[in-house]
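Open the model in your viewer and keep the selection panel at hand. The tour goes from the whole chain to a helix pair, then to the cores, and ends at a single loop residue.

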Amino acid sequence: MKIFNKIKQDGLLKKGNEEIQSAENHSEPEAELLEDHSMAHIEIPSIPSDYADKFDELYQRIIAYIEENKVWQNADFSISQLAEKLSSNRTYISKALREKGKTNFNNLLNTYRVRQVLQDFENLEHKNYKISFIYRKAGFSYQASFSRVFKEITGYTATEYLKRKEKM
């Protein structure tokens, strides 16, 4: 909403701006406003490129922070904590992830977690440790959530994956 208000203040609405302002100042009943001032002719402004660049920069900072600090290993790490560490807010973090990464916070962390589990499987950690240790070390709190996410990302359960890996 702040972006929209900034755009509106800067006069970047291309069409229908005068009609919107006159409709806001009119005292006609609402039904007449809807008939006379159809919203169909109003162009929705695109986000100015400097805002898009800021979301791109924020996305790059998010990924760098996550990878440098391995935050996915902390099962309790939250989007609020990430926002605080990056001097941003939850809304901007979510928007940057959605628009630039085509994902959300939980899916991003779960992807990193599954990558770590797969890396541990490659390093044969499952020969020395129980799978429960491996998925907890990667940041999953519960077996059910680990199993669901692992299968969503790889297409296999952990057991199926390990059996296939052994056959190769």
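**Whole chain.** Start with a cartoon view. Read along the sequence, the pattern is α-α-α-α-α-α-α-α-α-α-α. That is eleven helices and zero strands. The model is a predicted one. Now colour by burial: of the 168 residues in the protein chain, 33% count as buried. Switch on the accessible surface. It comes to about 11500 Å², and carbon and sulfur atoms hold 48% of it. For a contact map, take pairs at least 6 apart in sequence: 61% of those contacts join residues at least 24 apart.

**Stop 1: a helix pair.** Select helix H7, residues 105-122, and helix H10, residues 143-154. How far apart are their axes, and at what angle do the helices pack? The axes are 10 Å apart and the angle is about 85°. H7 is therefore roughly perpendicular to H10. Show side chains at the contact next. From H7, pick Asn110, Thr111, Val114, Val117, Leu118 and Phe121. From H10, pick Phe146, Val149, Phe150, Ile153 and Thr154. Colour this contact by class: eight residues are nonpolar, three are polar and none is charged.

**Stop 2: the largest nonpolar core.** This core has 21 residues. Which of them touch the most other members? Select Ile62, Ile66, Leu82 and Ile93. Then add the helices around them. H4 (49-69), H5 (79-85), H6 (90-100) and H7 each supply at least two residues of this core. H4 gives the most, with seven.

Centre on isoleucine 62. Leave out its neighbours within four places in sequence, and its contacts are Leu82, Leu86, Ile93, Ala96, Leu97 and Leu108.

A second, separate core has 13 residues, including Val114, Val117, Phe146 and Tyr161. Val114, Val117 and Phe146 are already on your screen from the contact of H7 with H10. In soluble globular proteins, nonpolar side chains tend to be buried together.

**Stop 3: a loop residue.** Go to serine 88, in the loop between H5 and H6. Is serine 88 buried, partly exposed or exposed? Its relative accessible area is 24%, so serine 88 counts as partly exposed; the buried class ends at 20%.

Draw a distance from serine 88 to leucine 58, C-alpha to C-alpha: 8.7 Å. The two are 30 residues apart in sequence. Leaving aside neighbours within four places, serine 88 is in contact with Leu58, Ala83 and Ile93. Ile93 also appears among the contacts of isoleucine 62.

Note on methods:
Residues numbered from 1 in each chain as written. Predicted model: local features only at pLDDT ≥ 70, side-chain atom pairs only at ≥ 80, totals over all residues. Heavy atoms only, no water. Helix = DSSP H or I, 4+ residues; strand = E, 2+ residues; numbered from the N terminus. Buried < 20%, exposed > 50% of the residue type's maximum accessible area, 1.4 Å probe, protein only. Contact = heavy atoms within 4.5 Å. Areas by Shrake-Rupley, 256 points an atom, 1.4 Å probe, with all protein chains shown as cover. Axes fitted to C-alpha atoms, helices over the stretch in contact; angles between N-to-C directions. Parallel < 35°, antiparallel > 145°, perpendicular 65-115°, else oblique. Nonpolar A, V, L, I, M, F, W, Y, C, P; charged D, E, K, R; others polar. Core = buried A, V, L, I, M, F, W, Y, C linked by side-chain atoms within 4.5 Å.
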